[in-house]
Amino acid sequence: MDCDIVLVGLNHRTAAVDVRERFALVKHTDPDTWALPLGGAIHESLILSTCNRVELLAMGTGDVAEQMLRHWAMARGAKVEDLKPYTYSYVNDEAVRHLFSVASSLDSMILGEPQILGQLKQAYRKASACRATGVILNHLLHKAFSVAKRVRTETAVASSAVSISYAAVELAKRIFGTMQGHRAMLIGAGEMAELAATHLIKNGVDEIVVANRTLAKAEKLAEFYRGRAVPFEDLARHLASVDIVITSTGSQEPIIRARDIRSVLKARRNRPMFFIDIAVPRDVDPDVNGLDNVYLYDIDDLKEVVEENLSGRREEASKARQIVDEEVAAFAGWVGRLDVQPTIKELIHRSRLAEEEEVARTMRRLGRTDDATREALEAMAQGLMKKFLHEPLSYLKEGDRAEHSRRILAIQNIFNLDRHCASRFNAYEDREEALRRARAEAGAKASRSCPAAAGNGEGKLCSAGMDGLAGQEG
Amino acid sequence: MHPLLSPETSTLLTLALYAAAGLCGLAGMIARSRPVRSAAAAAAVVGFALQTFALATGFHASTSGGLSIGAYLQMLAWFLVLAGTMLRIFMKHNAPLIFAAVAALMLYGFSAPALEAVVKVPETLKAPFYALHIGALFLSLALIGLAFAAGAVFLYLDGRIKAKLGLPAFIADMPALNILDRINAVATVVGFPLYSVGMVCGLFYAGAVYGRTVTGDPKEIISFATWVLYAVLFHNRLARGWYGRKPARLMVLIFILCAVSFVVVNLFMTSHHSFART
């Protein structure tokens, strides 16, 4: 019987936020509380739960998807029928493609956002630490990380700013190069302005100067940014010492005009200034942008930059999808080669046995002989077997995945090999068996503290300590 | 001398390295890859070392026979990469060096047909001031060339940022406006004194050779006009804090005058400075 890679999940496209909240598995990050039960249909598993998606990935046999849904619904105290309409399910190549797309942030709400890769890595770390992943998922996840890296390196899907505050900081970098050695001023307050200020600090701006009509508010904000507060009335005087100005006041009239900035520029010997005007109505007179070495971006300008960057990312996404397709094919090739491995192993094993038997028989016939004769005989037998096996082994290795089953069967019939070895992944049986034993031990330990595990009948191994859950996406 | 160490082999390797620097630079810009751009800069530095070797050995071998205009162009190419290397160290940005390597490659291309006509430097022109005159002017010309490129990029980027037109992805890793302006500042603060030294040496030289410092030579006139514009830029940068578009525009104008002086006067006009083709 063949194993399948199955992915079941829901995301921001298939489920509204209230549904995502209802079926989130964030609380199940603790291995002692719940995870996908291993054993039975499911051999390996991983759970990714972020604010934009919940995805369950498993490798197993039989009706894996149904079992995953059943456990998922049960964990959230819901019925499968309530959950199913919001979910999608992918098997084998499609599951791999989806996982690669998720890792590369091609399936994210904000295309190219970087957090999802970290969240997937975290999910994998936990799953792996709990021995919930095996040969297949380990390889699949490592491949997913390398695909994500390739996408980031070879395409510009994650290269430009797609939030207003980040776009403002990126623009500041185009003007000043580095934020080190530069000062920023925050006039007024507001979520977006404060976010931009935070980005500036993260990028190394020297100091944040805060001006507010209420000095106490300015002082509070300055304390938060470890900057300094200045009285709103002294704004013009302090403008000369700052390079970046973020304004977000509730003023109905512009508070900064071109004539004010002319004198400021003179005082600062024409060093450039960048105004980020997030206020509506605007705080900075648009004429300011007409001055040499002064750059003014209002909220609409920044939105346009973001929109342009997003459309650039969308264009790059098609290149990224090609990379994903290539890697899916490569992974399928790897899985296909796993199919033939047990047959190859068995064939070589049989040939070795035959070789040893024949050498022993000949040695008996020859009677007393020296070591040199024995070695020569062994070498001849090995050489013959190698030559003899060359064609069937090449025959097995060639061809695509669909061809492999037919070829495996043909070789098994010709050489009368054990059919059992045709089962996919059996080449890893020994290792898997060792893992299962380890899981059973872990399960026995966990069942003492995990009621769900204790009640996990039908000889299934409790997965306590085997889940892999992530933090938040976005 | 081992054939691999010959000036000809070194020159060929230099050209290959400058070409590699240009190609890697372009690829690094399009692919937005810092390691590729760093490889481009490394190729340019190795090329510069080889060119230094080739010029030192080749130049030494041919000085007795005089120099062609092709050799002068190759010297200018060397000064250009020298200036690019200086700016690379000072600005910590690979762009000036990669640009210098590409420009040097082009100068080598122009120099090829003009290498054969080796003309002896007239005895009258052999004076201690000669090396200083050429060296100071060539280094300042190299700085002007790089500042011109930086100025052109500045004007383009500044225009796009001001007009909120967005920046194409392939120029996203170009130096920021601040860095481009600093290239202009260095070319002004370092280049103008060098240019002045070169001019003064030339005047002394003319006085010694022709009996009068001002001879009315076309090169003198155009160089004086360049010097005046350069002085305006120098003064305004230092005294009035010029920044951005104004110095960039003026540097473009200075470069155009230098190019006219170098190409038109040296190649197409009768001048004391066209001796190399006579």
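1. Start with the sheet S2-S3-S1-S4 of chain A. This sheet is open, has four strands and pairs them in the antiparallel sense. Strand S2 (42-49) and strand S4 (88-91) of chain A form the edges, each pairing on one side only. Direction ignored, neighbouring strands are turned by 15° against each other on average. Note that the model is predicted.

2. Inside that sheet, look at the pairing of S1 and S3. Strand S1 (residues 4-11) and strand S3 (residues 53-60) of chain A run antiparallel and share eight bridges. For register, take Val6(A): its bridge partner in S3(A) is Ala58(A).

3. Two helices that pack on this sheet deserve a look. Helix H5 (residues 115-129) of chain A touches S2 and S3 of chain A. The direction of H5 makes about 140° with that of S2(A). Helix H6 (residues 135-154) of chain A touches S1, S2 and S3 of chain A. The direction of H6 makes about 35° with that of S2(A).

4. Chain A has another open sheet, this one of six strands with parallel pairing. Its order is S7-S6-S5-S8-S9-S10. The edges are strand S7 (228-231) and S10 of chain A, and each pairs on one side only. Neighbouring strands here are turned by 20° against each other on average, direction ignored.

5. Which strand does S5 of chain A join through five bridges? The partner is strand S6 (residues 207-212) of chain A, and strand S5 itself spans residues 183-188. The two run parallel. Ala184(A) has Ile208(A) as its bridge partner in S6(A).

6. Helices pack on the parallel sheet too. Helix H9 (residues 215-225) of chain A touches S5, S6 and S7 of chain A. The direction of H9 makes about 165° with that of S6(A). H12(A) touches strand S9 (273-277) and S10 of chain A. The direction of H12(A) makes about 80° with that of S10(A).

7. Check the backbone in the loop between S9 and S10 of chain A. Pro281(A) lies in this loop, and the peptide bond from Val280(A) to Pro281(A) is cis, with omega near -5°. Asn293(A) lies in the loop between S9 and S10 as well. Phi of Asn293(A) is near 65°, a positive value in a residue other than glycine. Both features merit a second look, because most residues other than glycine have a negative phi, and most peptide bonds are trans.

8. Over all chains the structure holds 27 salt bridges. Asp243(A) and Arg268(A) meet in a salt bridge through their side chains, at 2.8 Å from N to O. This pair links distant parts of the chain, 25 residues apart. Asp243(A) sits in the loop between helix H10 (235-239) and strand S8 (244-248) of chain A. Arg268(A) sits in the loop between helix H11 (258-267) and S9 of chain A.

9. Now the interface. Chain A and chain B bury about 1900 Å² between them, with 44% of that area on carbon and sulfur atoms. Which three residues supply more of the area that chain A buries against chain B than any other three? They are Arg174(A), Arg269(A) and Tyr295(A), with 35% of that area. The contact takes 21 residues from chain A and 29 residues from chain B.

10. How many salt bridges does the rule find across the interface of chain A and chain B? It finds one. Asp301(A) forms a salt bridge with Lys164(B), and their closest N and O atoms are 3.1 Å apart. Polar contact covers 15 residue pairs across the interface, both residues being at pLDDT 80 or more.

11. Last, the make-up of the side of chain A that touches chain B. Helix H7 (164-176), strand S10 (294-298) and helix H12 (299-366) of chain A are the elements that give two or more residues to it. The residues of this side divide into eight nonpolar, seven polar and six charged. S10 therefore appears twice in this note: as an edge strand of the parallel sheet, and as an element of the side facing chain B, where two or more residues from a DSSP run are counted.

Conventions. Residues are numbered from 1 along each chain as its sequence is written. Chains are lettered from A and ligands numbered from 1 in the order in which they are written. This is a predicted model: local features need pLDDT of at least 70, side-chain atom pairs count only at pLDDT 80 or more; totals for chains, interfaces and linings use all residues. Side-chain values use heavy atoms; hydrogens and water are left out. Contact means heavy atoms within 4.5 Å. Buried area is the accessible area (1.4 Å probe) that two parts lose on being put together, summed over both. A salt bridge is a side-chain nitrogen of Lys or Arg within 4 Å of a carboxyl oxygen of Asp or Glu. A polar contact is a pair of N or O atoms within 3.5 Å; within protein, one must be able to donate a hydrogen and the other to accept it, and residues adjacent in sequence count only if both atoms are side-chain atoms. Ala, Val, Leu, Ile, Met, Phe, Trp, Tyr, Cys and Pro count as nonpolar, Asp, Glu, Lys and Arg as charged, and the others, Gly among them, as polar. Two strands pair if DSSP finds at least two bridges between them. Axes are lines fitted to C-alpha atoms, for helices over the stretch in contact, and angles run from 0 to 180 degrees between N-to-C directions.
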